[in-house]
Amino acid sequence: MATVQDYYVPQLPTLLFSLHPQPAAAIAAGEKAIEFRRRFYPRAFQAFIYTTGKQGGISGYVQCAPAITAAPAVLGRLGARLQGDDPQVTMAYLVPASTGLAIPVTSAITFEPVSLAGLKAQFPNFVAPRSYVFLDRPPRRDQLAYLLAQDCQTVHQNKDVLTKIKHVLSNSD
């Protein structure tokens, strides 16, 4: 069986970031190819997703292209066209900032969930990130090695997401 290590790209920064359960599930199902943020890491990266809430834990790995910076209205239209988001909800989330970020998810992998309790048992100093942390830096490399060893359950490739984004951004209504 393939492990996350088989998809890992050592040249890319590796993050751990938090998401609410609904967007985390949509990414895992291959239904969400863009994550919107007010502020975030702007370059290409790979990351493990910590799902927040009572059932919090890590059960996903993504690879992401560089973030696209644009006005909330543009990002709202992008989300509506590519994944059926309500543009008003996206814009309301991004305002009052004049720009926001659209993070293209180019691939998503799921694995058996590792609960918060399991993470704390394995790593007593584990703390769920409020935004993101780097796993490929010395304080967290042991966590990265543990997560890379997880067996893959599903793999969704969104390699055409960048082409779709360019098409939407070049065809304004």
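How many aromatic pairs does a search of the whole structure find?

1. The search finds 12 aromatic pairs. The structure is a predicted model, and the points below take up two of these pairs, a cluster and a charged side chain.

2. One of the pairs is Phe17 with Phe45, in an edge-to-face arrangement. The ring centres are 6.3 Å apart, and the planes make an angle of 85 degrees. Distant parts of the chain are linked by this pair: Phe17 belongs to strand β1 (residues 14-19) and Phe45 to strand β3 (residues 45-51), with the two positions 28 residues apart in numbering.

3. Are the two partners buried or exposed? Phe17 has a relative accessible area of 4% and is therefore buried, the cut-off being under 20%. Phe45 is also buried, because its relative accessibility is 1%.

4. Tyr132 and Phe134 make another edge-to-face pair. Here the distance is 5.8 Å centre to centre, with 85 degrees between the planes. Tyr132 has a relative accessible area of 28%, so this residue counts as partly exposed. Phe134, at 17%, is buried.

5. Which residues form one aromatic cluster? The members are Phe17, Phe40, Tyr41, Phe45, Tyr132 and Phe134. Both pairs described above therefore have their residues in this cluster.

6. Phe134 has a further contact to note: the charged end of Arg137 sits over the Phe134 ring. The distance from the ring centre is 3.7 Å.

Note on methods: Residues are numbered from 1 along each chain as its sequence is written. This is a predicted model: local features need pLDDT of at least 70, side-chain atom pairs count only at pLDDT 80 or more; totals for chains, interfaces and linings use all residues. Side-chain values use heavy atoms; hydrogens and water are left out. Rings of Phe, Tyr and Trp (its six-membered ring) pair if their centres lie within 6.5 Å; planes under 30 degrees apart count as stacked, over 60 as edge-to-face and the rest as tilted. Helices (H or I, at least four residues) and strands (E, at least two) are DSSP runs, numbered from the N terminus. Buried means under 20% relative accessible area, exposed over 50%, partly exposed in between (1.4 Å probe, protein chains only). A charge sits over a ring if NZ of Lys or CZ of Arg is within 6 Å of the ring centre and within 35 degrees of the ring normal.
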